[in-house]
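Good morning. I have one structure to show, and I will keep it short. Please look at the screen.

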Amino acid sequence: AAIRIAHCVGGVFSNSTIENMLDDRNNGHLGYGIQLCGAVRGFVFDSGSVSRCRHGITTASVYTTTLGFKVAEDLPSEFLNDLQGRGEPESCHYGTVNVFNTTNAGLDTHEQGYGITITPNVSGCFDGVLLRCSDAVVQGGQIVNCRRSAIRVETASSSPSPTVTSKYRI
């Protein structure tokens with residue numbers, strides 16, 4: 001990820017530009033613009049832009065993402081055991097960041113995450129928004145010119161259902 005935010009309370013991303021992140025998962029390059037991982041609470045994306053990457057903004061657990069594919073092999077097992085499963089992003093807001101031309105969902109939540117609120121401003125992505133975490137809300141904003149779905153939902157049946165409060169056009 002160009003920016004990885006892990007284990008913090010509060011914080012704001014604003015007035016920054018991220019572009020051209022390599023999306024080559026087979027060689028350990030996930031191509032994320034911004035990644036929230038671990039026990040992050042109340043982080044806000046206020047303004048800026050992310051383009052030409054896999055996901056503009058995404059969530060994940062600390063073990064699978066902070067350590068990456070190759071670095072984890074070099075760390076002692078007791079260190080890895082301490083980190084595995086230590087929290088997930090909660091109560092964060094994907095605000096008015098412009099996200100465009102991504103190879104996957106512009107705005108994404110992996111299964112790790114809870115109570116994420118998204119106000120999309122997405123254009124030209126494969127999917128506009130992909131919801132996989134529990135209790136997510138998509139409200140306002142716009143999603144245009146996506147190649148597949150404006151909003152795609154893939155959550156476990158036992159999870160609180162995501163809420164979509166606006167109409168979007170693809």
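I will go from the whole chain to one strand, and then to the core.

First, a caution: this is a predicted model. The protein chain contains 2 helices and 17 strands. It has 170 residues, and 45% of them count as buried. The area that the chain exposes is about 8000 Å², with carbon and sulfur atoms supplying 46% of it.

Now the contacts. If we take those in the protein chain with a separation of 6 or more, 58% are between residues 24 or more positions apart.

Next, one strand. Why is strand β10 described as largely enclosed by the rest of the structure? Strand β10 covers residues 105–109, and 5 of its 5 residues are buried, so the rest of the structure largely encloses it. Buried here means under 20% relative accessible area. Strand β10 pairs with strand β13, residues 127–131, in the parallel sense, over 4 bridges. To find the place on screen, look for Thr109, which stands opposite Leu131 in β13.

That brings me to the core. In soluble globular proteins, nonpolar side chains tend to be buried together. The largest nonpolar core here has 28 residues. Those with the most contacts inside this core are Ile34, Leu36, Phe43, Phe45, Tyr94, Leu107 and Ile118. The elements giving two or more residues to this core are β4, residues 34–37, and β13.

Last, take Leu36. Which residues does Leu36 contact, leaving aside its neighbours within four places in sequence? Among them are Ile5, Phe43, Phe45, Ala60, Pro89, Cys92 and Tyr94. Thr58 and Thr59 are also in contact with Leu36.

That is the end of my part.

Terms used: Residues numbered from 1 in each chain as written. Predicted model: local features only at pLDDT ≥ 70, side-chain atom pairs only at ≥ 80, totals over all residues. Heavy atoms only, no water. Buried < 20%, exposed > 50% of the residue type's maximum accessible area, 1.4 Å probe, protein only. Pairing = 2+ DSSP bridges. Contact = heavy atoms within 4.5 Å. Areas by Shrake-Rupley, 256 points an atom, 1.4 Å probe, with all protein chains shown as cover. Core = buried A, V, L, I, M, F, W, Y, C linked by side-chain atoms within 4.5 Å.
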